[in-house]
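Visitor: I would be grateful for a close look at one part of this structure, with attention to the surroundings of a single residue. Please also set that part in the context of the whole protein and of the confidence in the coordinates.

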Amino acid sequence: MARVPPGEWVPHVEAYVDVSRPPTQHSASVDALAALVNKDKLTLFDLVSKMEMYFTTTDHIVRSRGILLLGEILSRISFKWLDVNTITTLSDFFISRLSDWQAIRGALVGCLALLHRKQGVGSIVIADVKRLVESFLQNVQVQSLAAADRKLCFQILSCILDQYPEAVKTMDGEQLYGICEAIDEEKDPECLKLSFHVVEAVMKLFPDPSGLAAQFASDVFEILSKYFPVYFTHGVGDELDATRDDLSRALMHAFCSTPYFEPVAIPLLLDKLSSSLPLAKLDSLKYLDNCIHFYGADRMVRHASAIWFKLKEVIFNLSPDQLLLTSGSPKDAEKNKNQIVSEALNCLKTAIMYIDSSDKDLFINLILLDKEIVNKIRSISSAEKFISSSLEDLVQLHALGSVISILAESSTYLCTRVLQEHFTHMVDILGTSASYESQQLNTCNRSSSAPDNYGALYLSVQMLSSCREVALVSYEDYSSVKLAKESWCLILEKKLDQLIHILGSFFTIASQSMFRQEYVSCAVKGLLILATFPEQCSLLPAKAYEDILLMLTSVVTSKYENINLWRLSLKTLTRIGSSIMEFHTSQKEVIYNRTVVDKIVYLVESYDTSMPLNLKLEASYEVGTAGLNYMLRVARSLEEAAVTNISEANGRIECAEHAVHLLECYSNRVLPWLFASGGANELAFSFTMRLWDDIKDLATLNRISSQGLLDSLMMGMKLLVGMCTEEQQSLIVEKAYGIISSLLSLPLKSLAHHILAVDQLVPSHTVQETALVGMLSSVIVGLRPLTPVPDMMMMINLFTVFLLKGQMPAAHALASIFNKYLHNPEFSHDNQLDKILDVILERCFSNVVFNSYSKISHCSADTSDDANCSDSSSGSILSKIDTLSGLAWIGKGLLMRGDEKMKDISMFLLKCLWSDQTLASVPSHQEEYIGSDSSDTSLATSAADAFRVMMNDSEVCLNKKFHARIKPLYKQRFFSILMPIFLSKIKESTAMKTKLALYRAFGHIISNAPVPAVITEAHQILLVMVDSLAKLSLDIHDKNLVYSLLLVLSGMLMDEKGKECILDNIHITISVLTQLVSYPHMMVVRETALQCLVAFSTFSHSKVYPIWRKGARTEDGRINRRLPEVARHYGRRQSDKHKELGFSLLVNQFV
């Protein structure tokens, strides 16, 4: 390849060496030179030859720039193959330059670039890496360099240790000391993160007891210990590659890098557990947890006693008051305490599992023979009634239960030891022994004098939970556990009948009367644990299992007055069902179906009205979520109930209401769950076909139309069809089309050939036909793009007829057809469908224009017939509004697929927004008939709402659930196209009604466009947006739009570019926001305006304060009562003393 002459690339070298040039030019020069080298248009030999003067000059600035240029180029050609001689020459050069402290940065960049090269493209040899290490440690004084250069140093060390470990395995103590010296006293976060990794890598290289790690462990750890715990905060704007968590994690890995740190690390961590700083406690626990795991049992066993006593102190004696001074608020202190205790329990679990010794009872004796633990258990056992009288008692009990539970679930042996010590005694405290056969759960009654020892109940359930955890781990080897002479399962089996009776009695009493919630929750948890043991390990007889389910089910079906107990029972049943699916326990599944699913599903199918329908549906759905088979059973029951209620809805309002709720539950909850689980297709298909079989019965159709069921049924039909496969959808469409053809009285044959002409009469239709077409439109909305549709022309014409009669479902169907360009052999290519679309749009445009013209003509011709004129005007208004809404939906479909024809609809809507300008030319006697809510004004309002339809996300049509075609960034493109037009029209308009209509449309587009796109054009639209907020806030009907626009404004306040624009228009912005603080129609508007004003506290005080003083009073001169709150927020955000003084003046002014 031809070489580039020096005249073309030497200027790049000169530009980079010249320090007076801007950094962007420096970067561009390096990129240009590297590109030439990569493309073989410039060789490294030619480059170095021409740059020799820069490498040898006595001017250290020029020399450093030249060496840095070569290093930067080398880092940019890391994938270009270089021969051995070139690599060796470059290695010699950069290693030698490590002694040139004035040009050290270039040498570091070059060395790092050489180290990063892979073997396949030519890499540095091990011998040169060793020389590099020696030269680096001898010549580079790391801590004397700038932060950026120190970072390069640590990157070099890290790269050598990770990729070339054999080069440093022969390192001596002096070289290790050099690395320690480089790290010591480092403070930069990014450098620290790298230095911690360097320590980790170095110490892992020497695992031998006689190696460097063992010899220098205490010296290295002394350096590391200075950084523990890591305390580092960084601002939001700081662009750092290291956070506090990153640093802490890197330091923890360094702590765990070698077991030779154990003698010094563990005492440090245990000592820091006594710190009052929550951060120090948390980090100590996390580090201790990891160190226990990495240091090994042989080393950690000597610390077992100290670890337990320190962890015990944290678990039992940590008070939120100890953390309050360093946590800020009591809420934060409580949160920190919970987090610390949780981490301490995790650490205890790790210690029990990993600290082994010849004495396997070491930890269990430490815990169970501990005087404090013994006293706590004795206090529970000796009390006839242990009822937590305070929150502190409850906290201590839960801590004790957690410790015993962790200990017991650690192994089969420990579980057996714990149960031997305490389980039998705790169960005996709760009640006298009673065999299960003699006392059935559903009839048991506790004596009123029986001791209610909550502590014994809680600890018993915790130990029971530990047994289940051990069973889950060892269920494959459960037979050997069960055959052991003494094992936890035998202890549990002996007390099982008594325990079941006790738990059941607590639950039974709670279901009959008010009972303390903690007792009930604990008893239900115990029943849940017993019912969810793996089937191979379950000690529960089938009869007992069934009675537990019966007891819980009876509460769900008949004790719904106590809603807390009802939901607790339902949740427990769901978890039991989930465990059956998890362990594939067929015997339990049969019992569960018979006892739970059948009874709860029957609630939906029955006519019993004593239980609220919403609870029936909640119970059915929750039980269904336990498994796919259960949900399919629930779905079929909902289908049956919905069809039954529809068939009986004639004259019975409650049946119609029930049908609506059933369909909503089926569509919005059951179907999405089944779809996520992969079991919805066949179910949706069969239900859809069944509905169409019922719809063809005219009596059913009348009931659907007359009882308000149509909307719910249509929504359900869309979701059902949307979940079917293309083959299933094809069958559904054919069935629906056949029923429509047989029942509609419209001349379908005439509709099958061409679209109605503009002046052709639109056929009339009945209520039943409207319902039929609505159901057909729901099918079309849910179709996939490749599903074949029969007689497409007839379908399109049929929907057009109903659209022109104001039926929105027909508009949804047309929008879906033109969005997806549904597959049909009638249309060989898209152009045919485009022509049909042109005809439909022309018909809709004409319908709006013709109705408007005919209304004015009619009123002009005979002003004496007031009633006729009024009726005609009303009909015309409704017809135009409906047509515009339909156009909006078609436009939305086109917009989403990126069709250029959406511009025709947009331009027509803009003309409608401009329409009330013509009112000025209407004679006064005609304006009287037009009225204040004239057709033109309604037309403009409807056109504004049409833009909302086009930009809003929709749940009823054109979304991913219904397989719509959605082109990326379609909203952003639409916004970019229309904004210049709207800004121009708003500026030109003089009539207030026109301006308001334009503001509404503008607001709908702005509030639904992506915020980054709006912020990009903020300098053009901000004033218009603020003015629209002021004008629209006067009309209560625009309250939602006002709120949406406020959200956009708040988004601007969070963006730097948006802030700049607002700062240029700060006076009017604050003025309008101050007015909205007292907005009477919507609380969230007031709150959002207040938050926006608070956000101004980040602006320059000198800019904001004078405007706030001026805007502090309302129009009548009184103080705006909400602004003191803004002022207080403002004061909290200031740190400068002068700003605090300004704040105090501001508060005095406001208050």
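Guide: This is a predicted model, and confidence is therefore the proper place to begin. The average pLDDT of the protein is 81, and 81% of the residues reach a score of at least 70. There are stretches with low scores: residues 1114-1119 have a pLDDT below 50, and this stretch makes seven contacts in the model beyond near neighbours in sequence. The pLDDT is likewise below 50 over residues 1129-1151, a stretch with 37 contacts beyond near neighbours in sequence. Where pLDDT is low, the predicted coordinates should not be read in detail.

The part chosen for the close look is Arg 63, which is placed in helix H4, a helix formed by residues 60-76. Arg 63 has a relative accessible area of 9%; because this value is under 20%, the residue counts as buried. Which residues is Arg 63 in contact with, leaving aside its neighbours within four places in sequence? Tyr 54, Phe 55, Thr 57 and Thr 58 are among them. The list also includes Arg 97, Asp 100, Gln 102 and Ala 103.

A second helical residue may be set beside this one. Pro 278 belongs to helix H14, which covers residues 278-295. With a relative accessible area of 9%, Pro 278 is buried because the value lies under the 20% cut-off. In sequence, 58 residues separate Pro 278 from Asn 336, while their C-alpha atoms are 6.5 Å apart in space.

Two cysteines can be described in similar terms. Cys 844 has a relative accessible area of 0% and is therefore buried, the cut-off being under 20%. Cys 912, at 4%, is buried by that cut-off as well. As for disulfides, the structure holds zero.

These local views belong to a wider setting. The secondary structure of the protein comprises 56 helices and zero strands, helix H4 with Arg 63 being one of the helices. The protein has 1151 residues, of which 53% count as buried. Among contacts with a separation of 6 or more, 77% join residues that are 24 or more positions apart. The accessible surface of the protein amounts to about 50500 Å², and carbon and sulfur atoms contribute 53% of that surface.

Technical notes:
Residues are numbered from 1 along each chain as its sequence is written. This is a predicted model: local features need pLDDT of at least 70, side-chain atom pairs count only at pLDDT 80 or more; totals for chains, interfaces and linings use all residues. Side-chain values use heavy atoms; hydrogens and water are left out. Helices (H or I, at least four residues) and strands (E, at least two) are DSSP runs, numbered from the N terminus. Buried means under 20% relative accessible area, exposed over 50%, partly exposed in between (1.4 Å probe, protein chains only). Contact means heavy atoms within 4.5 Å. pLDDT is the predictor's confidence in each residue, from 0 to 100. A disulfide is a pair of cysteine sulfur atoms within 2.5 Å. Accessible areas come from the Shrake-Rupley method with a 1.4 Å probe; for residues, only the protein chains shown count as cover.
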